[in-house]
Amino acid sequence: MATPTVRLISECFIKPKFTSEETKEPCYLAPWDLAMLSANYIQKGLLYSKPHGANADDPNFMATFLDRLKDSLALTLDHFYPLSGRLATKKEDSTTPPSYVVFVDSNNNSSSGAKFIHAAADMTVSDILSPIYVPPVVYSFFDHDKVINHDGHTLSLLSIQVTELVDGIFVGCSINHIMVDGTSFWHFFNSWSEVFMAQLQGKNNISLSRPPVLKRWFPDGYGPIINLPFTNHDQFISRFEAPLLKERIFHFSSESIAKLKARANAECNSNKISSFQSLSALLWRSITRARSLPDEQETSCRLAINDRTRLDPPLPENYFGNSVQTVRGVATAGELLEHDLGWAAWLLHQAVVGHTDNDVRGWLDSWFETHFIYQLGQFFDPNSIMMGSSPRFNKYGVKFGLGKGLALRSGYAHKLDGTVSCYPGREGGGSVDLEVCLPPNSMSALESNLEFMEAVSFSP
């Protein structure tokens, strides 16, 4: 069977509806942001059912829908105006030491704007959701495929692709990871949906329920201008091609997760281990077993962690940008599999609760000494797993007048051996969907693991 193709119908650039003197000022970047220069964009999106009769009863449905998306996006960008800019680098070789500063140029010039794409594919919703493994065509539902954040010097920092299917619509959002972490990504996506819905209801003078705090935070004595110790981007940029991977969505009901949590706490005589720590421990043990690693091989489970609340005083909840790190539990493969689920979950619990203001500031101090830039090929260890994104984000709150999305999917970005993206289950109630990426042999072994598959639930 031939692989379906996605057809480009149109593309344009959307700029903020209104401009002010503030939007003309450079947006300087914090260490969390600059460390992402060589990483991928964040690519997430939602699949929706096309409204009944949209093709026959209302042949203008898509044109009207697209116009509303564009208009609401322009209004949303008034609040998130750096997303319409481009990265810029200012170099001064004649100074001592030389100056190399990367920032966001938000000035409303001819080359700026968020990209907006209308595409189509001769596919149905079932073609996307029925296969056991996520079909590769889903990657084509996102713009900026395989690019890295530094490419935002010439490419848009935000790109929206609306792909029309026979009976569905996919809205894919790609945002430069220098601009957002997962928290800020979904803050923007939800805000755009909020503006869309307010316009649909005929409201004027629309204000956001959660206005973003755009000004970046810097530790005392640093910023806002950070001079990087480079003279050319080739010194810190690398591109990484993922190996051949299978990608599958595993669903865990709230009841199944509650059982995992109770089991983990009972096994280590505790009541402190969270649902997510229990689920992460299950993945860590199950994937390690599937890989058949030697007993002495060190392995780890990394968890993405929000630094906003870890700092003292904390950053505002609506701080827009990156404020994220990873914490990890570490063990040899032999230790991990000899012990029980509760033992592994306790390692992860200790890593999470031990991440304090001192740890965050220690990371920042280290960054200012080294100015390191994450390199994907080095950051992701093929003997470990990385639990990214979060089931706490309000992902199904993004509706655009289409009702609740049918499913969440992601693009090519950050798909490596052992990466796991965590989504809330569609039915809510604490259910979770895990998007797991593994080489074919490891995926087959994981699917043959009775402990793991007994915890997996059928999607409702």
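In the predicted model, glutamate 247 and lysine 415 form a salt bridge in which the closest N and O atoms are 3.1 Å apart. This pair connects distant parts of the chain: glutamate 247 belongs to strand 9 (residues 246-252), whereas lysine 415 lies in the loop between strand 13 (407-410) and strand 14 (419-424), 168 residues apart. Glutamate 247 is buried, at 5% relative accessibility, and lysine 415 is likewise buried, with a relative accessible area of 5%.

The loop between strand 13 and strand 14 also holds aspartate 417, whose side chain meets that of arginine 291 in a salt bridge (3.0 Å, N to O). Because arginine 291 is located in helix 6, this pair ties together parts that are 126 residues apart in sequence. Aspartate 417 is buried, with a relative accessible area of 17%, and arginine 291 is buried at 12%.

Helix 6 (residues 275-291) further contains arginine 289, which pairs with glutamate 451 of helix 12 (residues 450-455), 162 residues apart. The closest N and O atoms of this salt bridge are 3.6 Å apart. Arginine 289 is partly exposed, at 34% relative accessibility. Arg289 and Glu451 are joined with Arg263, Glu267 and Arg285 into one network by salt bridges that share partners. The count of salt bridges in the model is 18.

In contrast, the count of disulfides is 0. Cysteine 12 has its nearest cysteine sulfur, that of cysteine 173, 15 Å away; cysteine 12 is partly exposed, with a relative accessible area of 25%. The sulfur of cysteine 301 is 9.0 Å from the closest cysteine sulfur, in cysteine 422, and is therefore too far for a bond. Cysteine 301 is buried, with a relative accessible area of 0%.

Methods
Residues numbered from 1 in each chain as written. Predicted model: local features only at pLDDT ≥ 70, side-chain atom pairs only at ≥ 80, totals over all residues. Heavy atoms only, no water. Disulfide = S-S within 2.5 Å. Buried < 20%, exposed > 50% of the residue type's maximum accessible area, 1.4 Å probe, protein only. Salt bridge = Lys/Arg side-chain N within 4 Å of Asp/Glu carboxyl O. Helix = DSSP H or I, 4+ residues; strand = E, 2+ residues; numbered from the N terminus.
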